[in-house]
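Colleague: Could you take me through this model? I would like to begin with the strands and then turn to the interior.

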Amino acid sequence: MAIQEHTEEINNIDLTAAKCAIILTDNNRVANKITGSALNIVTTSKVVTGTLLQINTYIKDNSLEDYVQPLPSVE
């Protein structure tokens, strides 16, 4: 499963329990993290979805400021 960036004016995303997501502010700070929950996300903010490993790598690779509780580590 590939990482996906959702950047529509209004993002309406059905998240499965196998995926994780981060919601980003306009200045690329992590505003929220969602792990392993089947739910619907509706927001005007940018959302990135993928596996836990992909999300953690995305945060690191893009040097995102992260003030939210860390996601669990993947070993």
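Modeller: The answers below deal with the sheet, the cores and a few individual residues.

Colleague: What kind of model is this, and what are the ground rules?

Modeller: This is a predicted model, in which local features need pLDDT of at least 70 and side-chain atom pairs count only at pLDDT 80 or more, while totals for chains, interfaces and linings use all residues. Residues are numbered from 1 along each chain as its sequence is written, and side-chain values use heavy atoms, with hydrogens and water left out.

Colleague: What is the strand order in the open sheet?

Modeller: The order is β1-β6-β3-β4-β7, with five strands and mixed pairing. Strands are DSSP runs of E with at least two residues, helices are runs of H or I with at least four, and both are numbered from the N terminus. Two strands pair if DSSP finds at least two bridges between them.

Colleague: Which are the edge strands?

Modeller: They are β1 (4-6) and β7 (65-66), each of which pairs on one side only.

Colleague: And how many bridges join β6 to β1, and how many to β3?

Modeller: Three bridges join β1 to β6 (residues 46-50), and these strands run antiparallel. Glutamate 5 has valine 48 as its bridge partner in β6. Between β3 and β6 there are five bridges, again with antiparallel strands; there, alanine 21 has threonine 49 of β6 as its partner.

Colleague: Why is β6 described as largely enclosed?

Modeller: Four of its five residues are buried, so β6 is largely enclosed by the rest of the structure. Buried means under 20% relative accessible area, exposed means over 50%, and partly exposed lies in between (1.4 Å probe, protein chains only).

Colleague: Let us move inside. Which residues form the largest nonpolar core?

Modeller: It has 10 residues: Cys20, Ile22, Leu24, Val30, Val48, Leu52, Ile55, Tyr58, Ile59 and Leu64. The elements giving two or more residues to this core are β3 and α1, and the largest share, four residues, comes from α1. A nonpolar core is a set of buried Ala, Val, Leu, Ile, Met, Phe, Trp, Tyr and Cys residues joined through side-chain atoms within 4.5 Å.

Colleague: What does tyrosine 58 touch?

Modeller: Apart from neighbours within four places in sequence, tyrosine 58 is in contact (heavy atoms within 4.5 Å) with Ile3, Glu5, Ile22, Leu24, Lys46, Val48 and Leu64. There is also a second, separate core of seven residues, among them Leu15, Ala21, Ile23 and Val47.

Colleague: Is asparagine 11 buried or exposed?

Modeller: Asparagine 11 counts as buried because its relative accessibility is 3%. This residue lies in strand β2 (residues 11-15). Its side chain reaches the backbone nitrogen of glutamate 8 at 3.0 Å.

Colleague: Which residues other than glycine have a positive phi?

Modeller: Asparagine 28 is one of them, with phi near 60°; it sits in the loop between β3 (20-24) and β4 (29-35) and is partly exposed, with a relative accessible area of 39%. Serine 63 is another, with phi near 45°. Serine 63 is found in the loop between α1 (52-61) and β7, and at 62% relative accessibility it counts as exposed.

Key
A polar contact is a pair of N or O atoms within 3.5 Å; within protein, one must be able to donate a hydrogen and the other to accept it, and residues adjacent in sequence count only if both atoms are side-chain atoms.
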